[in-house]
Amino acid sequence: MTAQPASEQRAAVGHAPGRGSISSLRRVSTYALPLLAVVTFATFLSISLVQLHDVEQDMRRNVDENMLWVITQAQVASHRLDEEVHRLTLGDVDARPRLRYDVLTSRLALLDAGPQRRYLRRLNQEERLDRSLEHLAQLEPLVDDVAKDNTEAANTVYAELKPLMSALNRIANPVMMEEWETTGDQLDEHRASLIQAIIMMVGILVSGIILTTLLMIALRQRRHAQAALAAHRDRLEIEVHRRTRDLEAERRHVVDAIDTAPDGFAAFDADGRLTLLNPQFSGLLPLPEDALEEGQSLASLLDQIRAVTRPDTEHADPEAISADDGAQYDLEVPGRGWVQMTLRRTDDGGQVLRLADITSYKDAAHNLERSLKRERGVSEFYRSFAAMVSHQFRTPLAIIDSGLQRLLRRGDDLDYTARQGRYRQLRDTVAHMTRLIENALTSARLEGGHVAAEAGTCDLRPLVEQAVETQRQITPDNPVHLSIEPEGPIWTRCDRALVEQILANLLSNAGKYSPETAPIEIELRAAPDKVVCHVIDHGIGIPAEDQIQLFDRFFRARNAARHTGIGLGLGIARQLARIQGGDLTMQSEEGEGSTFSLELPRGQDKDEQLHIE
């Protein structure tokens with residue numbers, strides 16, 4: 001080997017500090033910038049999701065004190081009572097003043113209920129309500145005295161009704177002003193939250209652009225590093241070929257050069273016998289000592305290498321390792337990593353076998369492959385999600401728009417029952433959209449790893465009882481039967497909020513896919529090591545060929561097409577159960593019904609632990 005000129009050595013030494021500083025700066029920027037971009041991206045995304053969640057929760061809150069509607073209905077009922085009294089006095093046999101009195105009584109009783117009375121007390125209208133109730137009490141005997149041609153009784157009723165109607169009018173004015181102010185405040189809060197969410201979305205977009213740019217730079221740097229590494233390897237191979245043709249006097253220099261190389265080298269003569277081996281070779285492969293003795297044949301050494309390694313079967317057949325000139329194989333050494341074996345023929349007919357440690361490159365390639373696979377999965381999720389949710393949102397929005405247009409055009413012509421039916425249909429549609437949004441948000445949080453279980457000891461009995469009571473209100477036509485064994489608390493280790501979401505999903509599905517009068521059965525059982533809650537319905541069931549995919553995202557059974565949904569609920573429920581250390585399983589028969597079983601780890605309170613001990 002030739003010595004490096006002194007001037008070149010001095011130049012290299014003089015520039016070393018500068019190159020080291022630049023290299024250190026590049027390493028810091030390589031890690032710091034992507035980390036900063038990821039933190040910024042995650043922060044903006046979290047804030048925007050929180051803002052949207054707050055807006056959604058605020059929009060879902062129902063105003064249980066719709067006082068203006070109640071007061072208006074009470075006023076209408078009072079006028080209709082006066083109308084019925086005069087119709088009966090004039091001889092209309094179809095007039096029913098007693099029925100109208102009962103309706104008026106129900107309206108004022110609703111105003112006298114706890115939340116409504118507190119609302120009026122806050123507006124200083126409680127005294128007027130009490131006077132209205134007093135007039136109502138005095139009306140009852142007067143209504144019973146009303147008869148044909150009895151104008152005096154009719155006038156007496158009107159005299160009692162007049163101050164009552166006046167009091168209702170006076171109550172309505174401050175109530176209307178209060179509701180207007182409350183609605184305006186809510187709109188201002190929603191507008192501010194949406195502006196903040198939009199700003200966060202812009203931040204997310206900028207962070208995504210930065211991350212993409214950094215990724216492209218990293219990929220380009222990796223290609224340059226690979227090219228430099230390949231060039232370095234080629235230079236080493238050329239050096240080995242050149243040195244093997246030198247005289248024996250230069251052989252020692254070649255051996256020294258090979259011994260200092262990071263790779264392992266073994267040289268074979270034209271007869272295929274081992275003539276030269278550097279120390280790094282034996283360190284890269286766990287070969288027996290006799291396998292590396294001088295004079296060992298190349299074929300025998302390759303047999304030994306096959307016995308202690310596993311080839312990369314994606315790129316080569318394990319039995320194809322041979323002494324062919326120019327052959328190259330990636331070999332896995334169990335428990336150590338990966339090496340790359342290269343065979344090259346020399347000019348004198350011999351061969352050189354080189355081993356290079358490529359564990360870091362293999363790990364990087366595998367990590368990159370996993371990342372690409374994960375990115376493809378995320379991309380596919382969002383494409384499917386956008387397509388499904390766009391379709392599912394369009395239908396309920398069309399129903400809401402159509403229903404509101406009919407109410408605007410024909411609302412005055414519809415009777416009370418018809419209007420109530422329209423209102424219920426619109427509320428059901430809004431509730432369906434709310435469930436879609438909740439499932440979408442939960443799925444997105446699960447996909448991003450933002451959902452974690454805060455497990456604690458919890459009595460599952462009240463959670464199940466509350467879920468059953470809620471389901472009875474949602475589907476009053478479907479009887480819900482609850483069975484719990486044993487008596488007393490059913491202790492488990494779980495997250496209350498996540499369990500409530502799972503139970504709500506299972507009971508909602510049971511009601512959705514069951515006939516209107518079919519019963520729903522819930523069985524809560526405690527075992528020594530777990531607690532199981534079975535939700536049983538007698539609905540349409542699930543075809544056997546669809547059951548294996550039932551918990552996949554966006555999958556819906558073929559017989560569920562006429563029911564609303566996007567196929568996210570069951571998959572979310574199973575994921576929520578598993579992050580709590582439990583599971584969600586299913587048994588079903590098409591046309592007979594389905595049984596979903598929620599399993600959770602058994603928990604113990606302090607009294608139960610002492611009793612067991």
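These legends describe close-up views of a predicted model.

**View 1. The whole protein holds 15 helices and 13 strands.** The chain counts 613 residues, and 36% of the residues are buried. The accessible surface comes to about 35900 Å². Carbon and sulfur atoms own 54% of this surface. Take the contacts between residues at least 6 apart in sequence: 63% of these join residues at least 24 apart.

**View 2. The largest nonpolar core has 36 residues.** Which residues have the most contacts inside this core? They are Leu460, Val464, Ile522, Leu524, Leu584, Phe596 and Leu598. Helices and strands both contribute. The elements giving two or more residues are α12 (460-474), β8 (480-485), α13 (496-512), β10 (520-526), β11 (530-537), α14 (569-578), β12 (583-589) and β13 (593-601). Helix α13 gives the largest share, seven residues.

**View 3. Leu460 touches residues beyond its sequence neighbours.** Set aside the neighbours within four places in sequence. Leu460 is then in contact with Ile490, Thr492, Val499, Leu524, Val531 and Leu600. Another core, of 32 residues, lies apart from the core of Leu460. Among its members are Val70, Leu81, Leu104 and Leu111.

**View 4. Six strands form an open antiparallel sheet.** In what order do the strands lie? The order is β2-β1-β6-β5-β4-β3. Strands β2 (274-277) and β3 (310-311) are the edges, and each pairs on one side only. Strands of a sheet pair through backbone hydrogen bonds. Two bridges join β3 to β4, and these strands run antiparallel. Here Arg310 stands opposite Glu332 in β4.

**View 5. Strand β4 alternates its side chains between two faces.** Strand β4 covers residues 328-333. Tyr329, Leu331 and Val333 point to one face and are buried. Gln328, Asp330 and Glu332 point to the other face and are not buried.

**View 6. Strands β4 and β5 pair over six bridges.** The pairing is antiparallel, and β5 spans residues 337-345. Which residues of β5 stand across from β4? Tyr329 has Met341 as its bridge partner. Asp330 stands opposite Gln340. Leu331 stands opposite Val339. The two strands form a hairpin with three residues between them. Gly335 in this hairpin takes a positive phi near 85°.

**View 7. Strand β5 also pairs with β6, over seven bridges.** Strand β6 covers residues 351-357 and runs antiparallel to β5. Val339 stands opposite Asp357 in β6. Val339 also stands opposite Leu331 on the β4 side. Five residues lie between β5 and β6 in their hairpin. In that turn, Gly349 has a positive phi of about 95°. Why is β5 described as largely enclosed by the rest of the structure? Seven of its nine residues are buried, so the description fits.

**View 8. Four residues make a nonpolar patch on the surface.** They are Ile198, Val202, Val206 and Ile210. Together they have about 350 Å² of accessible area. Val202 is found in helix α6, residues 151-244. Is Val202 buried or partly exposed? Its relative accessible area is 48%. Buried means under 20%, and exposed means over 50%. Val202 falls in between, so it counts as partly exposed.

Conventions. Residues numbered from 1 in each chain as written. Predicted model: local features only at pLDDT ≥ 70, side-chain atom pairs only at ≥ 80, totals over all residues. Heavy atoms only, no water. Core = buried A, V, L, I, M, F, W, Y, C linked by side-chain atoms within 4.5 Å. Buried < 20%, exposed > 50% of the residue type's maximum accessible area, 1.4 Å probe, protein only. Helix = DSSP H or I, 4+ residues; strand = E, 2+ residues; numbered from the N terminus. Contact = heavy atoms within 4.5 Å. Patch = residues over 30% accessible without salt bridge, like charges linked within 9 Å, V, L, I, M, F, W, Y side chains within 5 Å. Areas by Shrake-Rupley, 256 points an atom, 1.4 Å probe, with all protein chains shown as cover. Salt bridge = Lys/Arg side-chain N within 4 Å of Asp/Glu carboxyl O. Pairing = 2+ DSSP bridges.
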